[in-house]
Amino acid sequence: MADEAPGDLTTRRPTPEDHRRVLAVLDDWWGGFQREHGSARRRSLLPRLYFQHFADSSFLVERDGRLVAFLIGFVSQSRPDVGYIHFVGVDPAARRTGIAASLYRRFFQHVAARGCRQVTCITTPGNRLSVAFHTGIGFAISPGDTVIDGVSAHSDYDGPGLPCVVFTRALDDFLDPAPDPVGVDR
Ligand SMILES: CC(C)(COP(=O)(O)OP(=O)(O)OC[C@H]1O[C@@H](n2cnc3c(N)ncnc32)[C@H](O)[C@@H]1OP(=O)(O)O)[C@@H](O)C(=O)NCCC(=O)NCCS
């Protein structure tokens, strides 16, 4: 089921057929961040299963059939009060227009309605856009054991040599069942 959004953007749930399209934009949208190593890691972090088994809590934005943004997220199986955002990306040509913030609000509403009280996500230290975005929309950085590029990080978080910045945000402002006052459609 797709929603027509203002500004000729359409938001819908992803399908397995979208997997290849999303993989195809990763290097461009991430600006080649961390070169070959980053490229391989991004692809390995987005296997097809996310488009098969996590689609109900994920979103994809298109304009005239062209991919503009995506968000892959889910309710934690182990901590049902936590929503987890695994991946988000916006076409560089469409950035700073509120698309990612809008997708996050959709996700917040979706998981809050299913009992979540908090959302968490991680990013690679040095991803300045991701840090600016998450802190810009109200995420707090969970204090780690090291500082990388001026940001507190958890060393070896995802394995040896794979530090991460960890973000959390309470959903207090999304627990009211009233419609989102700022609107989720962009
Ligand atoms: C991070 C990303 C998803 C943000 O998408 P976006 O649609 O441009 O973000 P929004 O327009 O919704 O920004 C919301 C707020 O975040 C902050 N923000 C976003 N991008 C920023 C930037 N480049 N510099 C400073 N603040 C920024 C601002 O507070 C912004 O609000 P404002 O524009 O009113 O000032 C996008 O830059 C992206 O796809 N980056 C590459 C992929 C990536 O790193 N994904 C995250 C890790 S999985």
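1. A good place to start is Arg 95: an N or O atom in its side chain is 3.2 Å from an oxygen atom of the ligand, a polar contact here being a pair of N or O atoms within 3.5 Å. Please keep in mind that this is a predicted model, where local features need pLDDT of at least 70, side-chain atom pairs count only at pLDDT 80 or more, and totals for chains, interfaces and linings use all residues. Residues are numbered from 1 along each chain as its sequence is written, and side-chain values use heavy atoms, with hydrogens and water left out.

2. The backbone takes part as well. A backbone N or O atom of Val 90 lies 2.8 Å from an oxygen atom of the ligand, and for a polar backbone atom of Gly 98 the distance to a ligand oxygen is 2.9 Å. On its own the ligand has 920 Å² of accessible area, of which the protein covers 77% (Shrake-Rupley method, 1.4 Å probe).

3. Now for the shell around the ligand. Its 20 residues include Val 88, Val 90, Gly 98, Ala 101 and Asn 127, which come nearest (a residue is near if one of its heavy atoms lies within 4 Å). By class, eleven are nonpolar, seven polar and two charged, with Gly counted among the polar ones.

4. Which element gives the largest share of that shell? Helix 5 does, with five residues. Strand 5 (82-90), helix 4 (99-112) and helix 5 (128-136) each supply at least two (DSSP runs, with helices of at least four residues and strands of at least two, numbered from the N terminus).

Notes:
A polar contact is a pair of N or O atoms within 3.5 Å; within protein, one must be able to donate a hydrogen and the other to accept it, and residues adjacent in sequence count only if both atoms are side-chain atoms.
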